[in-house]
Amino acid sequence: AFWSVVKAVDTAEKEDKPLSADVPQMLHHIFDADLAHLLTREQIRTNLTCMQPTESGLTTHGMNYIFDDSSHKDLPLEEGRRCEDGSCCDACSRNIFPTFATDAESDLNTFPEISSFTFNDLETVSSATILHFTRLVERVRRTMAHEYGLPLKSLLPLQAYSRKYVAGTTQQGGGGGEGDFVTLHTDEATHTGYHYSCVLYLST
């Protein structure tokens, strides 16, 4: 079904014709089926205590966090969720799906541009890769809604991209650069709309 959608998009673009209304309906069926299949696979869930900054606004601690990455670990916390301008449940957890994406879905020969993808630069990206990346993002969104009992319409992907990371020799975790360079950060602390985050490793 997915490749039928890709073919329909490519044909419409080639012939400079409007896209059939059947295409978005097919995508919705694909997204629904993806989640149904994912929920039958292995899931490793770790329940966590929700933590939030003890203070809000431009406090001394908050300003130190903004301008000094090393101050992040020293930010005073308390239990609970702030969830500014959003819909969140009271539970926090870390979920790992070892087979969230199949080997075929991670194949760079099939989707070469997915190694460095952003919606801001799609001029030379194939429709297959664009649709596939959108499919993965939608799988993430539906998984989050399912996990936390949230209405699907309340979850909006604020940012989604892919990039290549190269592991170093002493790196212990985190993200933000290549090799041993790591920037410790919390998405929700930098952008108030980031209530749930996901990292999908396409290769190791």
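Which residues form one aromatic cluster with Trp3? The partners are Phe2 and Phe111. The model is a predicted one, in which local features need pLDDT of at least 70, side-chain atom pairs count only at pLDDT 80 or more, and totals for chains, interfaces and linings use all residues. Residues are numbered from 1 along each chain as its sequence is written, and side-chain values use heavy atoms, with hydrogens and water left out.

Phe2 and Trp3 also turn up in a helix contact, on the H1 side of the packing against H4. Helix H1 covers residues 2-14 and helix H4 residues 127-148; helices here are DSSP runs (H or I, at least four residues), numbered from the N terminus. The two pack at an angle of about 135°, with axes 9 Å apart; axes are lines fitted to C-alpha atoms over the stretch in contact, and angles run from 0 to 180 degrees between N-to-C directions. That angle makes H1 oblique to H4, oblique being what is left once angles under 35 degrees (roughly parallel), over 145 (roughly antiparallel) and 65 to 115 (roughly perpendicular) are taken out. The crossing of H1 and H4 is right-handed, meaning that the near helix is turned clockwise from the far one by less than a right angle. Besides Phe2 and Trp3, H1 brings Val5, Val6, Val9 and Asp10 to the contact (heavy atoms within 4.5 Å), while H4 offers Ser127, Ala128, Leu131, His132 and Arg135. By class, that comes to 7 nonpolar, 2 polar and 2 charged residues.

H4 has another partner in helix H2 (residues 22-38), at about 55° and with the axes 10 Å apart. H2 is therefore oblique to H4 as well, and this crossing too is right-handed. On the H4 side, Leu131 and Arg135 appear again, along with Glu138, Arg139, Arg142 and Thr143. H2 supplies Leu27, His28, Ile30, Phe31, Asp32, Asp34, Leu35 and Leu38. This contact divides into 6 nonpolar, 2 polar and 6 charged residues.

Back to the rings: the structure holds 8 aromatic pairs (ring centres within 6.5 Å). One of them joins phenylalanine 97 and phenylalanine 100, 6.0 Å centre to centre with 65° between the planes, which is edge-to-face (over 60 degrees). Both phenylalanines, 97 and 100, are buried, that is, under 20% relative accessible area with a 1.4 Å probe, protein chains only. Tyrosine 201, in the segment after helix H5 (187-190), counts as exposed at 64% relative accessibility, the cut-off being over 50%. Tyrosine 201 sits 101 residues from phenylalanine 100 in sequence, with 9.2 Å between their C-alpha atoms.

How values were computed
Ala, Val, Leu, Ile, Met, Phe, Trp, Tyr, Cys and Pro count as nonpolar, Asp, Glu, Lys and Arg as charged, and the others, Gly among them, as polar. Rings of Phe, Tyr and Trp (its six-membered ring) pair if their centres lie within 6.5 Å; planes under 30 degrees apart count as stacked, over 60 as edge-to-face and the rest as tilted.
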